[in-house]
Amino acid sequence: MSQVKENDTVKVHYTGKLNNGQIFDSSLEREPLEITLGQGMLIPGFEKGIVSMELNEKKTINIPAAEAYGDVREDMFHKVQKDQLPQEITPEVGMGLASKNPDGSEVQFRVAEVNDDYIIVDANHPLAGQDLTFDLELIEIK
């Protein structure tokens, strides 16, 4: 039976969970994820977990934070004066915000702290610092 190799294009169903068992993403209610390995489009641990799988194989992989979204970085927290925010926004902890870069790309933030004159925003990925578990099922190798 054929096995997944680097640079293969595959279709895989997955369910991603935190250490407490909470599901944060799943493809089971939609089309499987189709991806070409080796292009840096997946977190490293997820891609490593798919390599060597056989067609229709199911397995569970555990990915440490370092091979997922990395550790929480303090340099990704930024102080923003409230008067720099659009007037219609009332910031609350946990609220998502976006900012445009000069090149037109968007950066996503999460409000980490709200003070009288400023807020602290966090640009870390929401899953940074988390070890992750994925249930995988290999559907197709192209």
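This report covers the cores, aromatic pairs and selected residues of one predicted model.

Residues are numbered from 1 along each chain as its sequence is written. Local features need pLDDT of at least 70, side-chain atom pairs count only at pLDDT 80 or more, totals for chains, interfaces and linings use all residues, and side-chain values use heavy atoms, with hydrogens and water left out.

## Annotated region

UniProt lists residues 7–101 as "domain: PPIase FKBP-type", in an unreviewed entry. Its positions are given in the numbering used here, feature names are shortened, and annotations may be inferred rather than shown by experiment. Over residues 7–101 the chain is 7% helix and 36% strand. Helices (H or I, at least four residues) and strands (E, at least two) are DSSP runs, numbered from the N terminus. The end C-alpha atoms of this stretch are 32 Å apart.

## Two cores

A nonpolar core is a set of buried Ala, Val, Leu, Ile, Met, Phe, Trp, Tyr and Cys residues joined through side-chain atoms within 4.5 Å. Buried means under 20% relative accessible area, exposed over 50%, and partly exposed in between (1.4 Å probe, protein chains only).

The largest nonpolar core has 20 residues. Phe-46, Ile-50, Phe-134 and Leu-136 have the most contacts inside it. Strand S1, helix H1 (44–50), strand S4 (58–63) and strand S9 (132–141) each supply at least two residues of this core. Apart from it lies another core, of 8 residues. Among them are Val-80, Leu-97, Ile-119 and Ala-123.

## Aromatic pairs

Rings of Phe, Tyr and Trp (its six-membered ring) pair if their centres lie within 6.5 Å. Planes under 30 degrees apart count as stacked, over 60 as edge-to-face and the rest as tilted. By this rule there are 4 aromatic pairs.

Tyr-14 and Phe-46 form one edge-to-face pair, 5.9 Å centre to centre with 85° between the planes. Tyr-14 lies in strand S1 and Phe-46 in helix H1, so the pair ties together parts that are 32 residues apart in sequence. Both residues are buried. Phe-46 also pairs edge-to-face with Phe-134, at 4.8 Å centre to centre and 90° between the planes. Here helix H1 meets strand S9 through the two rings, so parts 88 residues apart in sequence are tied together.

Phe-46 has a relative accessible area of 4%. Phe-134 stands at 5%. Tyr-14, Phe-24, Phe-46 and Phe-134 form one aromatic cluster.

Contact means heavy atoms within 4.5 Å. Leaving out residues up to four places away in sequence, Phe-134 touches ten listed neighbours, including Tyr-14, Phe-24, Ile-43, Phe-46 and Ile-63.Elsewhere, Lys-79 lies over the face of Tyr-118, at 4.2 Å from the ring centre. A charge sits over a ring if NZ of Lys or CZ of Arg is within 6 Å of the ring centre and within 35 degrees of the ring normal.

## His-13 and Leu-28

His-13 is found in strand S1 (residues 9–18). His-13 is buried, with a relative accessible area of 15%. Its side chain makes a polar contact of 2.8 Å with that of Ser-27. A polar contact is a pair of N or O atoms within 3.5 Å; within protein, one must be able to donate a hydrogen and the other to accept it, and residues adjacent in sequence count only if both atoms are side-chain atoms. Beyond four places in sequence, His-13 touches residues including Leu-28, Arg-30, Asp-135 and Glu-137.

Leu-28 sits in the loop between strand S2 (23–26) and strand S3 (33–36). Leu-28 is exposed, at 52% relative accessible area. Beyond four places in sequence, Leu-28 touches His-13, Tyr-14 and Thr-15.

## Two buried loop residues

Ile-43 is in the loop between S3 and H1. Leu-127 is in the loop between strand S8 (118–122) and S9. The contacts below leave out residues up to four places away in sequence.

| Residue | Relative accessibility | C-alpha separation | Contacts |
|---|---|---|---|
| Ile-43 | 12%, buried | 13 Å to Gln-130, 87 residues apart | Ile-63, Glu-67, Ala-68, Tyr-69, Leu-132, Phe-134 |
| Leu-127 | 12%, buried | 8.9 Å to Leu-18, 109 residues apart | Leu-18, Phe-24, Tyr-69, Leu-132 |
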